[in-house]
Amino acid sequence: MAVNYLAVLVAAIVSMVIGGLWYSPLLFGNVWMKLSGITQKDVEKAKKKGMMKSMGKSYLLMFVACLLTSYVLARLLNLLQTTSPINGAKLALWIWIGFVATVTLSSVLWENKSYKLYLLNNGYNVVNMVVMAVILTLWQ
């Protein structure tokens, strides 16, 4: 099966939207800032230092990472001949639990990050992976 590059692009864009919402004050942004030790004063300092310009590069790199994740997920779905959204979601869950959740646990074990921050970030990761898989299986 060939990869649907438009579906890969759409899944990456949706991933960015999910991330933007997840980490916004609308959902978990304030909790994330608190758990990360970032204050509103820190944000204001960053704005004054011109660090907001470098955030454009960060968003661009994140979008490239989302594209890569979407593409690899599309390849895996094709390789395993996964065509139903339910099976796509199941595969995304297995990928998340076997690779993402386990690898990111190191932030708690070795970097003294809190379990709450781990759960918040991995909540985003699992939702993101499942939504991407559903988009990619619906739009093959």
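Which hand does the crossing of α2 and α7 have, left or right? The crossing of these two helices is left-handed, a term used when the near helix is turned anticlockwise from the far one by less than a right angle, with right-handed used for a clockwise turn. This report describes a predicted model, in which local features need pLDDT of at least 70 and side-chain atom pairs count only at pLDDT 80 or more, while totals for chains, interfaces and linings use all residues. Residues are numbered from 1 along each chain as its sequence is written, and side-chain values use heavy atoms, with hydrogens and water left out.

## Overall architecture

The protein has 7 helices and 0 strands; helices (H or I, at least four residues) and strands (E, at least two) are DSSP runs, numbered from the N terminus. Read from the N terminus, the order of elements is α-α-α-α-α-α-α. The C-alpha trace spans about 50 × 30 × 25 Å along its principal axes. The protein has 140 residues, and 31% of them count as buried. Here buried means under 20% relative accessible area, exposed means over 50%, and partly exposed lies in between (1.4 Å probe, protein chains only). Of the contacts with a separation of 6 or more, 78% are accounted for by residues 24 or more positions apart; contact means heavy atoms within 4.5 Å.

## Helix α7 and its partners

Two helix pairs that involve α7 are set out below. Axes are lines fitted to C-alpha atoms, for helices over the stretch in contact, and angles run from 0 to 180 degrees between N-to-C directions.

| Helix pair | Angle | Axis distance |
|---|---|---|
| α1 (residues 5–22) and α7 (residues 115–138) | about 155 degrees | 9 Å |
| α2 (residues 29–36) and α7 | roughly 140 degrees | within 9 Å |

The angle in the first row makes α1 roughly antiparallel to α7, and the angle in the second makes α2 oblique to α7. Angles under 35 degrees count as roughly parallel, over 145 as roughly antiparallel, 65 to 115 as roughly perpendicular and the rest as oblique.

The crossing of α1 with α7 is right-handed. On the α1 side, the residues that meet α7 include A7, V8, A11, S15 and W22, and their counterparts in α7 include L120, Y124, N128, M132 and L136. This contact has 15 nonpolar, 4 polar and no charged residues. In this classification Ala, Val, Leu, Ile, Met, Phe, Trp, Tyr, Cys and Pro count as nonpolar, Asp, Glu, Lys and Arg as charged, and the others, Gly among them, as polar.

Between α2 and α7, the contact is formed by V31, W32, L35 and S36 on the α2 side and by K116, L117, L120 and N121 on the α7 side. By class, the contact of α2 with α7 has 5 nonpolar, 2 polar and 1 charged residues.

Residue S15 belongs to helix α1. S15 counts as buried because its relative accessibility is 1%. Leaving aside neighbours within four places in sequence, S15 is in contact with C66, Y124, N128 and M132.

## Nonpolar cores

In soluble globular proteins, nonpolar side chains tend to be buried together. A nonpolar core is a set of buried Ala, Val, Leu, Ile, Met, Phe, Trp, Tyr and Cys residues joined through side-chain atoms within 4.5 Å. The largest such core has 15 residues, of which L73, L77 and L136 touch the most other members. Helices α1, α4 (51–79), α5 (85–104) and α7 each supply at least two residues of this core, and the largest share, 5 residues, comes from α7. Apart from this core lies another, of 5 residues, among them W96, V108, Y118 and V126.

Not counting residues up to four places away in sequence, L136 touches A7, V8, A11, S70, L73, A74 and L77.

## Loops and helix α6

Two residues other than glycine have positive phi values: Q81, near 55 degrees, and N112, near 60 degrees. Q81 is in the loop between α4 and α5, and it counts as exposed because its relative accessibility is 63%. N112 is in the loop between α6 and α7 and is exposed, with a relative accessible area of 73%.

S107 is found in helix α6 (residues 106–109). At 18% relative accessibility, S107 counts as buried. Residues up to four places away in sequence aside, S107 touches N112 and K113.
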